[in-house]
Amino acid sequence: MTEKHFILEGSDPAIFFGPGNANLRMLRALLPKMRIMARDNVMRVIGSEEDMAYFDEVFLQLDRHCTRFNRLNEEDLLAIVRQGRATGDQAEGVIVYSTGGKPITPRTPNQRRLVEAYAQSDMLFAIGPAGSGKTYTAIALAVRALKAKEVKRIILSRPAVEAGEKLGFLPGDMRDKIDPYLQPLYDALQEMIPAAKLQEYMDTQVIQIAPLAFMRGRTLNDAVVILDEAQNTTSAQIKMFLTRMGWNTKMIITGDCTQIDLPASQRSGLIEAQRILQGVPGIAFIQMDEGDIIRHKLVTRIVQAYEQAARQRKEPKAAHEGTDSQEEA
C-alpha cells in the first residue's frame, strides 16, 4: 500500500470538501478501495500504486475545477471521477468565475478590447468614466493569471488622495492606513476569490498592498500590477511607478480624467503619460466611454449631464476669447 499527501493549492477547503464534508464523503464512496482523510488543506490518501496513480489525475482535475470555477458540487465531482472532466468546462469568453460560480465576462466592446490588449501588451492604460468596468475587468484579468499560475502575485496600488475631504490621521499600521483607499479593489477581489483563500493570499503576500509612496526602489517581477485612480498621481509618481516593471510582469493602469482630486496647481500624471506614451510599442491605451457604464442606468445619465455642463462652460469662454481677439484687431 502507498500513502501520499495532497495539498490544496488554489482551492478553498470549504468549497473543495463541501458543506459538512459532503464532497469528501462522496469521494470516499466513489473510491471505496482507498482510505481518504482530510485536515485543513491537506488530504492523506492510502491505496495501491495503481489506485494512487488514478487518484493523482482525479485530484488534479478536482483542484483545477474548484480553483477555476470557485465551486465543486456533486455533479461536477461525479463527472470528474467517472469521465475525467466536468460539464461546462469549455465556456467561452469567461475571464474568471465569481465565488458563487457565476462567469465573469467582458460585457461591452471596450471591455473586450481591454481583455484582448492584455494578451498582446505588457502595459495597459484603461481610461474612462466611473462604472465603465475598467478596474473590475483589470482585477478579473489579474485573478485569472494568478489562478493559471502565469504570475506569482498580484500587487495593488492607488494614490492616497481624498475625494474632496480631509480624513485626517488614520490609526494603525501601513495596511490599516491604506485599506480605506483600496476598498474598491478589495470589493472586486472578494467577488472572485473565496474569503478564506483571499485571507491566505493576503497573509502570504501573494496579493500585496503597495502604497504608491512606498514603491520607489522596487523591481516587480512575476506579477500583475494594478494602479487604480491613476488620474490622482503626479507626473513624478506615475513615472516612478511605471519604471518599477520587471520580468514576466503585466501592468494595468486605470483612471478617470474627469475625476481629478489633485490640487489645482498639480498636473495629473495620467494625462501626461497618455500624451507622452501614445505610440510606444508594447503599451496599449483603451479609451472607455458612457456606453461601457454597467452600473445603474442613472450613472450614465449623471456622467452625460456633467459632460454637457463642462462643454457649456467652455463654449462661453471660447466665445469671449474670440470677441477679445476681434476687438484687439
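**Notebook: helix α10, two sets of strands, one cavity**

I began with helix α10, residues 235–242, and found that its buried residues are Ile 238, Met 240, Phe 241 and Leu 242. I keep in mind throughout that this is a predicted model. Looking next at what covers those buried residues of α10, I noted that the cover includes the strands β6, β7, β9 and β10 together with helix α11 (269–277).

That led me to the sheet itself, where I traced six strands in the order β8-β7-β9-β10-β6-β11, forming an open sheet with parallel pairing. I then asked which strands stand at the edges. They are β8 (207–209) and β11 (283–287), and each has a single partner strand, so one side of each is left without a neighbour in the sheet. From one strand to the next, I recorded a twist that averages 15°.

Within this sheet I looked up the pairing of β6 (residues 123–127) with β10 (residues 249–255), which run parallel and are joined by five bridges. Along that pair, I located Leu 124 opposite Ile 252 in β10. I also followed helix α6 (residues 134–147), which lies across β6, β7 (153–157), β8, β9 (223–227) and β10, and I noted that α6 runs at about 165° to β10.

I turned then to the strands β1, β2 and β3. Strand β1 (residues 2–7) pairs with β3 (residues 42–47) over six bridges in the antiparallel sense, and there I found Thr 2 opposite Gly 47 in β3. Strand β2 (residues 35–39) also runs antiparallel to β3, joined to it by five bridges, and for Arg 35 I read off Ile 46 as the bridge partner in β3. Between β2 and β3 the hairpin has two residues, and in this hairpin I noted that Asp 40 takes a positive phi near 55°.

Last, I searched for enclosed space: how many cavities of 30 Å³ or more does the count give? The count comes to one cavity at that cut-off, and I entered about 40 Å³ as the space in the largest cavity. For the lining of this largest cavity I listed Gly 10, Thr 67, Asn 70, Lys 147, Ile 193, Pro 194, Lys 197 and Tyr 201. Sorting the lining by class, I obtained three nonpolar, three polar and two charged residues. I marked Lys 147 among the lining residues, having already entered α6 as residues 134–147.

Conventions: Residues numbered from 1 in each chain as written. Predicted model: local features only at pLDDT ≥ 70, side-chain atom pairs only at ≥ 80, totals over all residues. Heavy atoms only, no water. Pairing = 2+ DSSP bridges. Helix = DSSP H or I, 4+ residues; strand = E, 2+ residues; numbered from the N terminus. Axes fitted to C-alpha atoms, helices over the stretch in contact; angles between N-to-C directions. Contact = heavy atoms within 4.5 Å. 1 Å grid on protein atoms, 1.4 Å probe; cavity = no way out; pocket = protein on both sides within 12 Å on 5 of 7 lines; lining within 4 Å. Points joined across faces, edges and corners; volume = space filled by probe spheres on them. Nonpolar A, V, L, I, M, F, W, Y, C, P; charged D, E, K, R; others polar. Buried < 20%, exposed > 50% of the residue type's maximum accessible area, 1.4 Å probe, protein only.
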